Amino acid sequence: MNHLITLTMAIYLGGAFLISLLWRENETVAGAAAISFVALSAITSVLLGIEVFTNGSILYFAGGWERPLGIALMLDPLSALFLIMTNVIALLVTIYSAVYMKKYTWTPYFYVLFLIMLAGMNGILISMDIFNIYVFLEVASVASFMLVAFGLRAEELEAAIKYTVMSFIATTMILFAIALIYGFTGTLNIARFMDASAGLTPVHLWFLAGLLLAGFALKAALVPFHSWLPDAHSMAPAPVSAVLSGMFVKVAGLYVIIRVTANIFTNLPQIRILLLLFGALSMVFGGLMAYGQKNIKRLYVYSTISQIGYCAVGLGIGGYLGSLGVLMHFVAQAFSKALLFLNIGAVEYVRGTVESDDLKGLNDTMPVTTLFGSTGMLGIAGVPPMGNFWSKLIIIIAAVKAGYTGIAVLCIVVAVITLGYFLKLQRTVYCNLTESPVKKEAPKTLLVPMGILAFMVFVSGVLLVPGIREHTLDKAVAVMENFSYVDITIGDNR
Amino acid sequence: MKKKGMSEIVQSVAKMVFPFIVLYGISLILYGHITPGGGFAGGVILTGGFVLLVLAFGTDYAFRILPVNVAKALDSIGALGFLAVALLGFTGGAFFYNFLPKGHIFHLWSSGTIIISNIMIGLKVVAALFIAIAVISKARLIRTKDGFQYKQSGERKR
Amino acid sequence: MILYILIALMFFIGLYGMIAKKNIIKIIIGMNIVGYASNLLFVLLGYKWDGIAPILTEDMSFAYFLEKAVDPLPQALVLTSIVIDLAFVAFLAALAIRLFEKYGTFDIDKIRRLKG
Amino acid sequence: MILNQWLLAALMLLMAAGCVIAITARSLTSSVVSMGTAGLILSILFLLLGAPDIAIVQVFVEIVALIVLLSIIRRETRADMTTSGLYGILTLAIFALLLMIFFIYGNDIVRPLGVPVITMGGEYLASSSRLLSAPNAVTSIVLDFRGYDTLGEATVIFVAVAGVVVLLRRRGRKDEKKGDE
């Protein structure tokens, strides 16, 4: 069972190499192969997740070398949650892209790049070695640059170069931090570094934390570092946007920031204040920018920035409620963001535009798509039965309890702003009657993944129900709260 | 770069030097676990040899020695081979386990899977960088009245 | 210490090239220079005075090797990061060609069709 | 001790000078070439610092990067006529400030040169030839102990080259009009 931990990543890599070797010319076979590889990996990750949530974390050493020689890989409840989410969303998105990508040329290469991006994300999630995280971050990022520029239009290329340069700055900062970590403590393993960091001076800690946090905040697009995200995510093909906005910023940014704040720099509580500040800025800025957008994809992207801000705020507040809020918000957010991007992709597939001025009366022409789109929007806006409502509520309660009343008020205000811009969008785009409604629905292959995601958005709140919560989210929160994994990573030898 | 390549002196020197570069690259790859070198070093040196050919004779000549489809296949095969070495490690109990006998130190056939990995990485690096350089140096921009027109010189399919 | 300050200087030169310069080629050069700085930092951090390369030869005693050899791990990491930098250069070169086709310039300020 | 701090510092100063020229030169060709100079000095430094493996890789990677960069400089763009203006001065000022901070606190952040903590590295040195019978410790780290990193690295090259091929295809969408033929 433990061997499966590397398999999710290896399946993606093997799939990508095989597609580029055998089915470079054949779009249909490449698509089918990609779907089956992703499905295989999704099944594996669900199995792994069940194992982790029932029997506890898995520790694995690449090459069979015991520490400190081998690279430590680790799947604890926190990373298992992210892993399952990544691969399930990836499966739905891949099915969707089998039809959506038909208008692009060279789609086999799209699958190659897409699978490698997923492999990189899986690699980040299972790794406990900071240099390994850097390598797989680069794998995922480099693949995502290409995917952003895949359509080869002028704007897409422009977005790609901005994204590349900003991303390179981020990864260089991370690399410098890794060099300094290695130079001072002689280790690359996160858990061992946490042990060694007790002997470091505050100057050193601040320097490392600053570099790492700046790097990963660039990846997560928290507000002072957000400039690349609106271009890159709005210009990518819809399936890529769905994965980038739904999962990639959360895996490459949020997940690693959780690791950095909660598991590495535990004796530097001031980091949390910094995160609170960045989070509040992102929330407000993203919300306000989204209000004025005419391009619907851009609106969704600014909403991503705003919602990442919620996660950062929850992380900044900390404590049981804050951490629970972060994870719940992440789950609900990932499903609804992926749904929204797939939805707007379907609209673009049928109507050929994403400008809100050119789209009218979608409610009449594309009723099913509209239904799913509304579900996603209401989900993000935080209307009661959906998961986002509960997560926002938890974050607000946590803020009040921790004494950050101002932040709590800000969270409520931004929630209202979010509802506001989605209602505005609803009014102009979906409910505005056209003179002669002609029904032209998106193909079924596009609708089915959206339907599943819409269902997920509805039921994601179920994770909070007592009885289910104890077995899923609470275990992940425990990893963020007290570092139980240290016992198995450090304890047994050396 | 240019259609006909460089002058005759450069071309004949390139022709003489190329086999030695290839030989040196291969020896670096094979002896990577004993002496300085290894898959990456050998791979980039082999790429240097091909770069010399591309510069001296143009991309078409280089493509005759290593056709682009073969290079693409080699790229994937190298990557797959390295992944296969990693996955075959499961027979010994772990991902990337060195499952072959380690042999004697300072002998060529020693240290288990390292030599296979070296060959695979070398293949991968040379094929990948060759494709990158060839494709980039084949790219042409032709000036038209409203901007530029992109074209690959010597039009080949994929 | 002076060596580390020189590395920091090089890092900032490269970063200046990436952030303040507007030409794509200059940006790529800046990226490369930042890469040099980080690679050199890694190798310096593993260096021992009078160190030898971490490669055992037949006429060398094992104890001498263990005492004198420099840290091999940073070198392995640098190998990885050199190759990643090269990948960035190749990819950005291709991107620059395509951008020149669409915009007719390498000037980042003129490549600006997307709003804010 | 032939190899002292000042020799290394002199070489690095030369390298830094190359970097400054590369960033500031108006002519793009000369700036690319001075970047290449800096890279070759870097490979000499690697050789002096006991890292022959990466010295070899650095030389050839530098050449490949140089050729790639030179081949994309076009007649229209020989000179870099862009200016940074106030923004550039601001950036420089911030960097100078950061450099000052590093100058003050540097001793807290890095260990003195030449006395590293070789905890992990020592293990690798010992086990490379004992367990794997591979005398070259760097190769055995790259391909065995930390082979998993190398898998990621090989994937980065793979994906970068796939990206180059994808970026330089004729057209991106099927509905766009064909090229000139």
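This dialogue walks through some contacts, helix pairs and single residues in a predicted model.

User: What should I know about the model and its numbering?

Analyst: The model is predicted: local features need pLDDT of at least 70, side-chain atom pairs count only at pLDDT 80 or more, and totals for chains, interfaces and linings use all residues. Residues are numbered from 1 along each chain as its sequence is written, while chains are lettered from A and ligands numbered from 1 in the order in which they are written.

User: How many residues do chain C and chain D each bring to their contact?

Analyst: The general idea comes before the case. Two residues are in contact if their C-beta atoms, placed from the backbone, lie within 7 Å. Here chain C brings 73 residues and chain D brings 81 residues.

User: Which helices of chain C supply at least two residues each to the side that touches chain D?

Analyst: Helices are DSSP runs of H or I with at least four residues, strands are runs of E with at least two, and both are numbered from the N terminus. In chain C, helix H1 (2-19), helix H2 (24-45) and helix H4 (72-103) each supply at least two residues to that side. H4(C) gives the most, with 22 residues.

User: How does the side of chain C that touches chain D divide by class?

Analyst: Ala, Val, Leu, Ile, Met, Phe, Trp, Tyr, Cys and Pro count as nonpolar; Asp, Glu, Lys and Arg count as charged; the others, Gly among them, count as polar. That side of chain C has 54 nonpolar, 10 polar and 9 charged residues.

User: Now chain B. How many of its residues are in contact with chain D?

Analyst: 48 residues of chain B are in contact with 35 residues of chain D. Helix H2 (39-57), helix H4 (68-88), helix H5 (113-138) and strand E2 (147-152) of chain B each give two or more residues to this side. H5(B) gives the most, with 14 residues. By class, the side of chain B that touches chain D has 26 nonpolar, 18 polar and 4 charged residues.

User: Where is C:Ala53 found, and what does it touch outside its own stretch of sequence?

Analyst: C:Ala53 is in the loop between H2 and helix H3 (62-68) of chain C. Residues up to four places away in sequence are not counted; C:Ala53 then touches B:Pro36, D:Gly50, D:Ala51 and D:Pro52.

User: Is C:Ala53 buried or exposed?

Analyst: A residue is buried if 20 or more other C-beta atoms lie within 10 Å of its own, exposed if 12 or fewer, and partly exposed in between, with C-beta atoms placed from the backbone. C:Ala53 has 22 other C-beta atoms within 10 Å, so it is buried.

User: How is chain D divided?

Analyst: Domain bounds come from an automatic or database domain assignment. Chain D has domain 1 (1-114) and domain 2 (116-174). Their C-alpha centres lie 24 Å apart.

User: At what angle do H5(D) and H6(D) pack?

Analyst: Axes are lines fitted to C-alpha atoms, for helices over the stretch in contact, and angles run from 0 to 180 degrees between N-to-C directions. Helix H5 (residues 119-131) and helix H6 (residues 137-145) of chain D pack at about 85°, with axes 9 Å apart. They are therefore roughly perpendicular. Angles under 35 degrees count as roughly parallel, over 145 as roughly antiparallel, 65 to 115 as roughly perpendicular and the rest as oblique.

User: Which residues make that contact?

Analyst: H5(D) uses D:Tyr124, D:Leu125 and D:Ser128, and H6(D) uses D:Ala137, D:Ser140, D:Ile141 and D:Phe145. These divide into 5 nonpolar, 2 polar and no charged.

User: What about phi at A:Leu152 and A:Ala221?

Analyst: Most residues other than glycine have a negative phi. A:Leu152 has a positive phi of about 65°. A:Leu152 sits in the loop between helix H5 (130-148) and helix H6 (154-185) of chain A. A:Leu152 is buried, with 23 other C-beta atoms within 10 Å. For A:Ala221, phi is near 60°, also a positive value. A:Ala221 lies in the loop between helix H8 (202-220) and helix H9 (229-235) of chain A. With 26 C-beta neighbours inside 10 Å, A:Ala221 counts as buried.

User: Which residues does A:Leu92 contact beyond four places in sequence?

Analyst: A:Leu92, in helix H3 (residues 77-100) of chain A, is in contact with A:Pro449, A:Ile452 and A:Leu453. A:Leu92 and A:Leu453 are 361 residues apart along the chain, yet their C-alpha atoms are separated by 8.0 Å.
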